[in-house]
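Please find below a short note on the model, set out as numbered points. It treats a pair of helices and then the ligand site.

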Amino acid sequence: MIEFNNVSKIYKKDFAAVKNINLHIEAGEFLFIVGKSGAGKSTLIKLLLKEINPTEGSIKYNEQDVTKIRKRNLAEYRRKIGFVFQDYRLLPRLTVYENIAFAMEMICCSSKNIRREIPVVLSMVGLSDKAKSYPDELSGGEQQRVSIARAVVNRPETIIADEPTGNLDPETSSEIMKIFNEINKRGTTVIMATHDREIVNNYQRRVVELKNGLILRDTKSGGRVNEPKKD
Ligand SMILES: Nc1ncnc2c1ncn2[C@@H]1O[C@H](COP(=O)(O)OP(=O)(O)OP(=O)(O)O)[C@@H](O)[C@H]1O
Ligand SMILES: [Mg+2]
């Protein structure tokens, strides 16, 4: 479904943030991308979202060459993908309900559809009683749940999350992970960059470990991350 073929990204001369990446992701997979700060995790995600283009190589999404998507077709491409960020990125002047409605209006959903779907996703993330709250009236974990609801409401084929639990305590992180797990069980492909060793080790899914822009390891399932070596 998603293919990186010999992908490199050079931001500045002679420095490749990712190098010669070959990665194939099947529909329905749950994939963790791990590695130290600066290893290239976010770069890989930005390449897939076409926020940046590779310096070399090709990226395919359902046989479509991502690097060749025209500007006018970009919104249509990104509609297939929901994303969740570490810092939630909710619109502060809109309520929870309005934040999600706004994401739906962007892709021209009917108001009937909006009224029907929002209660469904809010209930999925356990926030039915917060529809009228503003983001600054919510805890970090609640804000992240709103951002997940917003990402899934349009039923994307793929959810990409960059450090979605980066700002959350372990207990809240584990609740957020349960939601991602549910979403994956329904058939959505989940790709998640994370620093959280405990989460990766608990879930035992496919783990791709990056080091200095290279794939150090690709464990198909049952993947774990070890304690960093003391050297
Ligand atoms: N826009 C940019 N211009 C120049 N260099 C960049 C740019 N973005 C990232 N880099 C460099 O590319 C490398 C990989 O960065 P990236 O953000 O992909 O790492 P990461 O694995 O996501 O790290 P973190 O865990 O800290 O989020 C780093 O050395 C970073 O400094
Ligand atoms: Mg990053």
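How are α3 and α4 oriented to each other?

1. The model is predicted, so that local features need pLDDT of at least 70, side-chain atom pairs count only at pLDDT 80 or more, and totals for chains, interfaces and linings use all residues. Residues are numbered from 1 along each chain as its sequence is written, chains are lettered from A and ligands numbered from 1 in the order in which they are written, and side-chain values use heavy atoms, with hydrogens and water left out.

2. Helix α3 (residues 96-106) and helix α4 (residues 111-124) have axes that come within 10 Å and cross at roughly 125 degrees. The two helices are therefore oblique to each other; this term applies to angles that are not under 35, over 145 or from 65 to 115 degrees. The crossing of α3 and α4 is right-handed, meaning that the near helix is turned clockwise from the far one by less than a right angle.

3. Ligand 1 is surrounded by 13 residues, each having a heavy atom within 4 Å of the ligand. The closest are S37, G38, K41, S42 and T43. By class, the shell holds 4 nonpolar, 6 polar and 3 charged residues. Its largest share, 3 residues, comes from α1.

4. Three polar contacts (N or O atoms within 3.5 Å) involve oxygen atoms of ligand 1. The side chain of T43 places an N or O atom at 2.6 Å, that of H195 does so at 3.1 Å, and a backbone N or O atom of A39 lies at 3.2 Å. The protein covers 64% of the 640 Å² of accessible area (Shrake-Rupley, 1.4 Å probe) that ligand 1 has on its own.

Note on methods
A polar contact is a pair of N or O atoms within 3.5 Å; within protein, one must be able to donate a hydrogen and the other to accept it, and residues adjacent in sequence count only if both atoms are side-chain atoms. Helices (H or I, at least four residues) and strands (E, at least two) are DSSP runs, numbered from the N terminus. Ala, Val, Leu, Ile, Met, Phe, Trp, Tyr, Cys and Pro count as nonpolar, Asp, Glu, Lys and Arg as charged, and the others, Gly among them, as polar. Axes are lines fitted to C-alpha atoms, for helices over the stretch in contact, and angles run from 0 to 180 degrees between N-to-C directions.
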